[in-house]
Amino acid sequence: MMRARESLTVTFADISRAHVGIRSGVVRTVCERSHFLSEQLGANIYLKPEFRQFTGSFKERGARNAILQLLRKHGESFKSKGGVISASAGNHALAMAYHGKELGVPVTVVMPTVAPLAKKFGARVIIEGAHIGESKEFAESLVENEGLVYVNGYDDPPIIAGAGTIGIEIIDDLPEVDAVVVPVGGAGLIAGISCAIKTLKPECKVYGVEPEFCASYCKALAAGKPVPTE
């Protein structure tokens, strides 16, 4: 089952519900002051160590939230008659696999040949596609055939809401924060964090940073729509 594009609105209420829902299953990381960065930059620099999540990334927040929402919607039968599928080159796949196992939901992940992942946490791992775009196309072809629900790694409301819980924790730890710097890939992380930060402290600035040679978000903003990058 693919979700309608019209349902992509994410509010602070969604993030707040996610914050309550996932807190028993993810690590509540604490913002830590970096002495060396603070000294080098002449400012108080804090880091939020999301690598301390069990699978090593923030992706766990959205993955758990998405699976919990599907369980609430479909009930316990989803554990035996349903399941989720995602295309991922690594972190999202690990997060879905781990929390699927924790919550008793079958997980299938499709990965490109350039980023194979050994079978983890009982998930079904399919290596298909020369790149993530081809993996996603293959995953979507299995949705209707196998009665699965596709969970996008960044362009999905529960995923964005889960990521946004980081913003709540930042303000909780550092109510005096002036600016938050967020890495940008698919932009789900910065979407969620920005919503939370700007709701709780509108004057706080949020900066997105992406690789110079893969500036997909900047190009998308300039074009007014997602565009391919070389």
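**Exercise 1. A network of charges**

Let us start with K48, E50, R61 and E169, which are linked in a network of salt bridges. The model you are looking at is predicted. Your task: find the distance between the closest N and O atoms of E50 and R61, and say where each residue lies.

*Solution.*
Step 1. Look at the pair itself: E50 forms a salt bridge with R61, and their closest N and O atoms are 2.8 Å apart. That fits the cut-off of 4 Å for a salt bridge.
Step 2. Place the two residues. E50 sits in the loop between β2 (46-47) and α3, while R61 belongs to helix α3, so the pair ties together parts that are eleven residues apart in sequence.
Step 3. Check the accessibility. E50 has a relative accessible area of 10%, so this residue is buried. R61 has a relative accessible area of 1% and is buried too.

**Exercise 2. Two further salt bridges**

The count for the protein comes to ten salt bridges. Your task: take R28–D173 and K136–E140, and work out how far apart in sequence the partners of each pair are.

*Solution.*
Step 1. Begin with R28 and D173, whose closest N and O atoms are 2.9 Å apart. R28 is in the loop between α1 (12-22) and β1 (32-33), and D173 is in helix α7 (residues 157-173), so this salt bridge ties together parts that are 145 residues apart in sequence.
Step 2. Read off their accessibility: R28 is partly exposed at 35%, and D173 is partly exposed at 26%.
Step 3. Turn to K136 and E140, where the closest N and O atoms are 2.5 Å apart. Both residues are in helix α6 (residues 132-146), four residues apart, which means about one helical turn separates them.
Step 4. Finish with accessibility again: K136 counts as partly exposed at 28%, and E140 is partly exposed with 27%.

**Exercise 3. The nonpolar cores**

Your task: name the residues that touch the most other members of the largest nonpolar core, and find the element that gives the most to this core.

*Solution.*
Step 1. Recall a general tendency: in soluble globular proteins, nonpolar side chains tend to be buried together.
Step 2. Go to the largest nonpolar core, which has 23 residues; F78, V84, M96 and V151 touch the most other members.
Step 3. List the elements that give two or more residues to this core: α3 (59-74), α5 (91-103) and β4 (107-111). With six residues, α3 gives the most.
Step 4. Now locate a second, separate core, made of 16 residues, including A163, L174, V182 and L189.

**Exercise 4. A163 and its surroundings**

Your task: decide whether A163 is buried or exposed, and list what A163 touches beyond four places in sequence.

*Solution.*
Step 1. Find A163 in helix α7.
Step 2. Use the accessibility: A163 has 4% relative accessibility, so this residue counts as buried.
Step 3. List the contacts. Leaving aside residues up to four places away in sequence, A163 touches R61, G62, G188, L189 and I193.
Step 4. Compare chain and space for one of these: A163 and I193 are 30 residues apart along the chain, and their C-alpha atoms are separated by 6.6 Å.

**Exercise 5. Two residues of helix α2**

Your task: find out whether L37 and S38 are buried or partly exposed.

*Solution.*
Step 1. Place both residues: L37 lies in helix α2 (residues 35-41), and S38 is found in helix α2 as well.
Step 2. Take L37, which is partly exposed because its relative accessibility is 31%. L37 forms a nonpolar surface patch with L41 and L47, and together they have about 260 Å² of accessible area.
Step 3. Take S38, whose relative accessible area of 4% makes this residue buried. Not counting residues up to four places away in sequence, S38 touches R33, A43, N44 and I45.

**Exercise 6. The whole protein**

Your task: explain why the radius of gyration agrees with a compact globule.

*Solution.*
Step 1. Survey the elements: the protein has nine helices and eight strands.
Step 2. For 230 residues, a compact globule would have a radius of gyration near 17 Å; the protein has 18 Å, which agrees.
Step 3. Add the extent: the C-alpha trace spans about 55 × 40 × 35 Å along its principal axes.
Step 4. Look at burial and surface. Of the 230 residues, 44% count as buried. The protein exposes about 12200 Å², and carbon and sulfur atoms supply 57% of it.
Step 5. End with the contacts: among those between residues at least 6 apart in sequence, 62% join residues at least 24 apart.

Note on methods. Residues are numbered from 1 along each chain as its sequence is written. This is a predicted model: local features need pLDDT of at least 70, side-chain atom pairs count only at pLDDT 80 or more; totals for chains, interfaces and linings use all residues. Side-chain values use heavy atoms; hydrogens and water are left out. Patches are made of residues with over 30% relative accessible area and no salt bridge: like charges are joined within 9 Å, nonpolar side chains (Val, Leu, Ile, Met, Phe, Trp, Tyr) within 5 Å. Accessible areas come from the Shrake-Rupley method with a 1.4 Å probe; for residues, only the protein chains shown count as cover. A salt bridge is a side-chain nitrogen of Lys or Arg within 4 Å of a carboxyl oxygen of Asp or Glu. Buried means under 20% relative accessible area, exposed over 50%, partly exposed in between (1.4 Å probe, protein chains only). A nonpolar core is a set of buried Ala, Val, Leu, Ile, Met, Phe, Trp, Tyr and Cys residues joined through side-chain atoms within 4.5 Å. The radius of gyration is taken over C-alpha atoms; the globule rule is 2.2 Å times the number of residues to the power 0.38. Contact means heavy atoms within 4.5 Å.
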